[in-house]
Amino acid sequence: SGEGKGKEKDKGKGTMRMQFKDGVVLKLTGSGVHMAGRALEISRQAWQQRRRWQARHVAHKLQMAKTKVVWSNAAHRSMMQAFWATVYPDLPMPEPTLDIAVEGWKNMGFQSNDPCTDFRAMGLLGLHCLLYLASHYPERARSIIRDGAPKRDYPYGSVGINVVATLVEMLGLGRNGAGLIGGGAGEGDDEVSEQELQAVQGSKLFDFFCRLPPDAPPAGPTPKGAREYGGKEEGEWMVHGNANALEETFCAAYEMLDNMWVHEPPANILFFNETLKKAGEALKDVVNTHPLISLSELRARTLLYAPFPSALRPTPP
């Protein structure tokens with residue numbers, strides 16, 4: 001950040017002294033001052049555009065938390081089918097039932113054979129995040145739900161929904177936040193309020209989302225004035241963010257929680273809430289105390305709390 005300006009009397013042009021966090025001092029004079037000021041202004045404007053871009057994406061995801069999951073909705077049913085098929089590709093998806101003697105969806109870690117009752121807490125967003133984990137990291141999902149050693153005995157589905165609730169809370173909403181996100185009682189037309197969006201944009205988790213580079217170069221024409229930067233168009237990199245920031249953070253948080261359970265299992269399932277609370281506090285500590293700038297750094301930080309055995313380390317898609 002710049003720390004001062006002066007005037008060179010003999011040249012009649014300004015000077016700028018910039019000191020960076022690593023102690024390096026850069027002195028600019030003449031036209032360099034104008035160029036640096038222009039670059040900083042362009043970066044500031046691009047950063048504001050990126051925040052607005054990410055806010056629209058997050059608002060869409062949070063609207064999903066207000067949407068009730070129902071079997072009669074073809075899109076919801078298709079998502080359930082995809083989730084089931086990723087974990088149990090050789091078995092047909094079971095229909096919801098109140099018969100407690102049937103395993104069905106309880107094998108996927110839900111508290112009953114109708115997962116819609118579990119999704120009421122975080123609505124469609126809960127299903128969306130669980131499906132994202134299963135479809136982008138299928139081997140990891142199967143190792144947790146079906147094939148893992150040691151065999152897990154916690155309810156994976158409902159635990160995943162609790163992880164989503166923790167992320168919503170970290171965005172300034174939910175149980176301890178400013179808004180009332182959650183409940184999944186709407187039909188998808190209950191938009192995120194301005195108050196809720198302001199709370200989100202004031203959270204450190206949202207700042208982390210904004211710092212993430214895009215997961216893929218955005219489509220469309222190159223913005224006017226964009227320059228080549230690190231193999232990408234600088235204008236595109238600055239304005240467009242990562243569309244899957246929330247989902248990838250969910251995956252990292254879920255994997256951290258699971259690894260905590262593997263290495264420090266509770267005495268019995270009745271004490272699993274302690275593991276869930278510990279994982280939530282660890283994630284908050286990672287995001288709130290470290291200026292993370294990438295998903296790989298997020299994963300590396302969470303490994304400090306619960307190191308993954310190399311055989312279980314997830315491989316990004």
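Biologist: Which residues are buried in α4?
Modeller: In this predicted model, the buried residues of α4 are Gly123, Leu124, Leu125, Gly126, Leu127, Cys129, Leu130, Leu131, Tyr132, Leu133 and Ala134. A residue is called buried when its relative accessible area is under 20%.

Biologist: What makes α4 count as mostly covered?
Modeller: The helix has 14 residues, and 11 of them are buried.

Biologist: How do you know whether the span of α4 agrees with its 14 residues?
Modeller: At 1.5 Å a residue, α4 should span 20 Å. Its end C-alpha atoms are 21 Å apart, which agrees.

Biologist: How does the span of α2 turn out for its 14 residues?
Modeller: The expected value for α2 is 20 Å, and its end C-alpha atoms are 20 Å apart, which agrees.

Biologist: Which residues of α2 are buried?
Modeller: They are His76, Met79, Met80, Phe83, Trp84, Thr86 and Val87.

Biologist: How do you know where on the helix the buried residues of α2 fall?
Modeller: Look down the axis of α2: the buried residues fall within an arc of 165 degrees, so they line one face of the helix. The general background is that an α-helix has 3.6 residues a turn, so residues three or four places apart point the same way.

Biologist: What covers the buried residues of α2?
Modeller: The cover includes α3, α4 and α5, the last of these being residues 138-147.

Biologist: What caps the N-terminal end of α2?
Modeller: Asn73 does, with a side-chain oxygen 2.9 Å from the backbone nitrogen of Ala75. The cut-off for a polar contact is 3.5 Å, and 2.9 Å is within it.

Biologist: Why is the pair of Trp84 and Tyr88 called tilted, rather than stacked or edge-to-face?
Modeller: The ring centres are 5.0 Å apart and the planes are at 35 degrees, so the pair is tilted. Stacked would need planes under 30 degrees apart, and edge-to-face over 60. Both Trp84 and Tyr88 are buried.

Biologist: What makes the pair of Trp84 and Trp105 stacked, tilted or edge-to-face?
Modeller: Here the planes are at 65 degrees and the centres 5.1 Å apart, so the pair is edge-to-face. The pair ties together parts that are 21 residues apart in sequence, because Trp84 lies in α2 (residues 74-87) and Trp105 in the loop between α2 and α3. Trp84 and Trp105 are both buried.

Biologist: How many aromatic pairs does the whole structure have, and which residues do ring pairs link into a cluster?
Modeller: The search finds 10 aromatic pairs. The cluster consists of Trp71, Phe83, Trp84, Tyr88, Trp105, Phe110 and Phe119.

Biologist: What does Phe83 touch, leaving out residues up to four places away in sequence?
Modeller: Phe83 touches Trp105, Met108, Phe110, Leu130, Leu131, Ala134 and Ile145. Leu130, Leu131 and Ala134 also appear among the buried residues of α4.

Biologist: Which residues have the most contacts inside the largest nonpolar core?
Modeller: Met80, Phe83, Trp105, Met108, Leu171, Phe250 and Tyr254 do, in a core of 76 residues. Helix α10 (residues 245-263) gives the largest share of this core, 12 residues. In soluble globular proteins, nonpolar side chains tend to be buried together.

Biologist: How do you know whether Asn113 is buried or exposed?
Modeller: Its relative accessible area is 3%, and the cut-off for buried is under 20%, so Asn113 is buried. Asn113 lies in the loop between α2 and α3.

Biologist: Which backbone nitrogen atoms lie 3.0 Å and 3.3 Å from a polar atom of the side chain of Asn113?
Modeller: The nitrogen of Trp105 lies 3.0 Å away, and that of Lys106 lies 3.3 Å away. Both values are within the 3.5 Å cut-off.

Biologist: Why is Arg301 called partly exposed?
Modeller: Its relative accessible area is 26%. Partly exposed covers values between the 20% and 50% cut-offs, so Arg301 is partly exposed. Arg301 lies in helix α12 (residues 295-305).

Biologist: What makes Leu212 count as buried?
Modeller: Leu212 has a relative accessible area of 1%, and under 20% is needed, so Leu212 is buried. Leu212 is found in the loop between α8 (204-211) and β4 (228-229).

Biologist: Which residues is Leu212 in contact with, leaving aside neighbours within four places in sequence?
Modeller: They are Arg50, Gly241, Asn242, Ala245, Ile293, Ser294 and Leu295. Leu212 and Leu295 are 83 residues apart in sequence, with their C-alpha atoms 7.2 Å apart in space.

Terms used
Residues are numbered from 1 along each chain as its sequence is written. This is a predicted model: local features need pLDDT of at least 70, side-chain atom pairs count only at pLDDT 80 or more; totals for chains, interfaces and linings use all residues. Side-chain values use heavy atoms; hydrogens and water are left out. Rings of Phe, Tyr and Trp (its six-membered ring) pair if their centres lie within 6.5 Å; planes under 30 degrees apart count as stacked, over 60 as edge-to-face and the rest as tilted. Buried means under 20% relative accessible area, exposed over 50%, partly exposed in between (1.4 Å probe, protein chains only). Helices (H or I, at least four residues) and strands (E, at least two) are DSSP runs, numbered from the N terminus. The expected span of a helix is 1.5 Å times one less than its number of residues. The arc is that of the directions from the helix axis to the C-beta atoms. Contact means heavy atoms within 4.5 Å. A polar contact is a pair of N or O atoms within 3.5 Å; within protein, one must be able to donate a hydrogen and the other to accept it, and residues adjacent in sequence count only if both atoms are side-chain atoms. A nonpolar core is a set of buried Ala, Val, Leu, Ile, Met, Phe, Trp, Tyr and Cys residues joined through side-chain atoms within 4.5 Å.
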